[in-house]
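User: Could you take a close look at the aromatic side chains in this one and walk me through how they sit together? Some context on the rest of the chain would help too.

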Amino acid sequence: MKPAPVLTWKALELVLPVMTATMRQYLQHLSCSLRPASVRAADQSLRLFATFIFHAHPDVGSVAQLRRPHLEDYKRWLTDGPDHPAAGPGRALSATSRSLRLGTLRMFFTRLVEWDDADAPTRPLLFTGDLPPRDQPLPKALDDADAAKFLRTAQAQPRLLVRVVAEVLIRTGVRVGEFCDLRADAIRTGHDGYWLHVPVGKLHDDRYLPLHPVLVELIGDYRRAHVRPDNPMLIPYENGRPLKRAAVARMLDTITTAAGMPHIHPHKLRHTLATQAINRGMSMEAIAALLGHHSLDMTRRYARLHDKTLQRAYTAVTDNVDALYAG
């Protein structure tokens, strides 16, 4: 099957009315318990699968008609590339993307069976072993020299909001969505200094972060110059409207362009803070609390960037090998 554009729900309703109705009802259930971004991801995965079924197996009109060979064909199709419709021109789907697509589909089938849905599959169609292992690359962070260059360039920007965005992201490690959602009362004081209250976000809980005095002063300067006292957001646009993620990314591009550096995704600044912290002796438990990780598994990825035991063992071995070569 050649790559074809992913169909809209309106188009799918015309060619696969039964399957489309089942999928859309499932998405409505998800919207009651999951965040909009998670629902959108499930939406994309289900439309991709329905588009494949329409083109590759036009005789199938409902979920109940699906059989294991249809899923085997779909798994193979997900590996096709380049120019895969779910990846973009010249690109193939990564193992992580394929795992997410199949995982969404597996959960969809499982829920239909649990709910005794009229269009539920008649037998199991996907299993854990069908999901390819996800890639686990090390976090990409700025090294110390580039981090310093980035911050110096940010501090020289004429627009105060650009400086605030850069300094808060690189000094706190908050996610860009968390940053945009900070409320006007997010800065709290205590006997041991200032704290930043990060609201409920990606992991459904909130947390407090120690706030550097430089940030307290910088945010205060921005609010006095551009934010009305009754604005509910801590750091809105100069016109008072809530800050958007895309705008944050553009501000970082302004800095990197001025610094002669390549594009930096906002999440890279989060990785940069975590890497700087672990390289300077902060415990993994403290870093996990700083970043809002529920599990140390995510935090351990940063530890892999700074493994003193591995470094000592390697140095000892290479010293012995060098002595052998010298002899």
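Analyst: Here's a walk through the aromatic rings, followed by the surroundings.

First, some ground rules: this is a predicted model, where local features need pLDDT of at least 70, side-chain atom pairs count only at pLDDT 80 or more, and totals for chains, interfaces and linings use all residues. Residues are numbered from 1 along each chain as its sequence is written, and side-chain values use heavy atoms, with hydrogens and water left out.

The chain has 14 helices and three strands; helices (H or I, at least four residues) and strands (E, at least two) are DSSP runs, numbered from the N terminus. Of its 327 residues, 41% are buried, where buried means under 20% relative accessible area, exposed over 50% and partly exposed in between (1.4 Å probe, protein chains only).

Now the rings. A pair of aromatic rings is described by the distance of the centres and the angle of the planes. Rings of Phe, Tyr and Trp (its six-membered ring) pair if their centres lie within 6.5 Å; planes under 30 degrees apart count as stacked, over 60 as edge-to-face and the rest as tilted. That rule gives eight aromatic pairs. Take Phe-49 and Tyr-74: with ring centres 4.9 Å apart and planes at 85°, they count as edge-to-face. Phe-49 sits in helix H3 (residues 36-56) and Tyr-74 in helix H4 (residues 68-78), so this pair ties together parts 25 residues apart in sequence. Both Phe-49 and Tyr-74 are buried.

Tyr-74 also pairs with Phe-52, this time tilted, at 5.2 Å centre to centre and 55° between the planes. Phe-52 belongs to helix H3 and Tyr-74 to helix H4, so the pair ties together parts that are 22 residues apart in sequence. Phe-52 is buried, as is Tyr-74. Step back and you'll find ring pairs linking Tyr-26, Phe-49, Phe-52, Tyr-74, Trp-77, Phe-108, Phe-109 and Trp-115 into a cluster.

What about the nonpolar cores (sets of buried Ala, Val, Leu, Ile, Met, Phe, Trp, Tyr and Cys residues joined through side-chain atoms within 4.5 Å)? The largest has 45 residues, and the ones touching the most other members are Phe-150, Val-165, Phe-179, Leu-196, Ile-235 and Leu-243. Elements giving two or more residues to this core include helix H6 (144-155), helix H7 (160-172) and strand S2 (193-198). H7 supplies the largest share, nine residues. Leaving out residues up to four places away in sequence, Phe-150 touches several residues, among them Leu-142, Ile-170, Leu-252 and Leu-269; contact here means heavy atoms within 4.5 Å. Phe-49 from the ring pairs turns up elsewhere: a second, separate core of 32 residues includes Phe-49 along with Leu-30, Leu-48 and Ala-120.

Strand S2 also pairs up. S2 and S3 run antiparallel and are joined by four bridges (two strands pair if DSSP finds at least two bridges between them). Leu-196 stands opposite Leu-209 in S3. On S3 (residues 207-210), Arg-207 and Leu-209 form the covered face, while Tyr-208 and Pro-210 form the uncovered one.

Last, the cysteines. A disulfide is a pair of cysteine sulfur atoms within 2.5 Å, and the whole structure has zero of them. Cys-32 counts as exposed because its relative accessibility is 71%, whereas Cys-180 counts as buried because its value is 7%.
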